[in-house]
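Here's a quick briefing on a protein model, with the big picture and a few residues to look up. Have a look at the sequence and structure first, then read on.

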Amino acid sequence: MQIIPALLNQTVNELEKQVAGLSPYFQHFQIDIADGELVPNRTIQTLDLLNYLTNHQSPITNYQFDFHLMVKD
């Protein structure tokens, strides 16, 4: 069995802080993406996340991520 923490953040800064806090225990994370239409909450935007994760200076690029899309379109 593998436990994968689900991250529900509104900004990349929040995401980075949460990954940093959990990284001693986990190397695999699920990022929940919500658009505010399909579900009432709104989280980090996919373009912001993509830009952040493709930045080679990002400290969180060494982890594995799954994405849970809770979006209308």
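Which side chain does the side chain of Asn9 make a polar contact with? It's the side chain of Gln18, at 3.1 Å; a polar contact here is a pair of N or O atoms within 3.5 Å, where within protein one must be able to donate a hydrogen and the other to accept it, and residues adjacent in sequence count only if both atoms are side-chain atoms.

Keep in mind that this is a predicted model, where local features need pLDDT of at least 70, side-chain atom pairs count only at pLDDT 80 or more, and totals for chains, interfaces and linings use all residues. Residues are numbered from 1 along each chain as its sequence is written, and side-chain values use heavy atoms, with hydrogens and water left out.

**The whole chain**

- The protein chain has two helices and three strands, which are DSSP runs numbered from the N terminus (helices are H or I with at least four residues, strands are E with at least two).
- Going along the sequence, you'll meet them in the pattern β-α-β-α-β.
- The radius of gyration is 12 Å, which agrees with the value near 11 Å for a compact globule of 73 residues; it's taken over C-alpha atoms, and the globule rule is 2.2 Å times the number of residues to the power 0.38.
- Measure out a box along the principal axes and the C-alpha atoms fill roughly 35 × 30 × 15 Å.
- Of the 73 residues, 29% count as buried (buried means under 20% relative accessible area, exposed over 50%, partly exposed in between, with a 1.4 Å probe and protein chains only).
- Take the contacts (heavy atoms within 4.5 Å) between residues at least 6 apart in sequence: 64% of them join residues at least 24 apart.

**The sheet**

- The three strands make an open sheet in the order E1-E2-E3, with parallel pairing; strands pair if DSSP finds at least two bridges between them.
- E1 and E3 stand at the edges with a single partner strand each, so one side of each has no neighbour in the sheet.
- E1 (residues 6-7) pairs with E2 over two bridges, and Ala6 has Gln30 as its bridge partner in E2.
- Seven bridges join E2 to E3 (residues 64-70), and Asp32 has His68 as its bridge partner in E3.
- E2 (residues 28-34) is mostly covered, with six of its seven residues buried.
- E1, helix H1 (residues 12-22) and E2 form a right-handed β-α-β unit: with the strands pointing away from you, the path from the first strand over the helix to the second runs clockwise.

**Two residues to find**

- Asn9 sits in the loop between E1 and H1, and it counts as buried because its relative accessible area is 7%.
- Leaving out residues up to four places away in sequence, Asn9 touches Glu14, Leu15, Gln18, Thr43 and Ile44.
- Is Asp48, in helix H2 (residues 46-53), buried or partly exposed? Asp48 is partly exposed, because its relative accessibility is 46%.
- Asp48 and Tyr25 are 23 residues apart along the chain, and their C-alpha atoms are separated by 26 Å.
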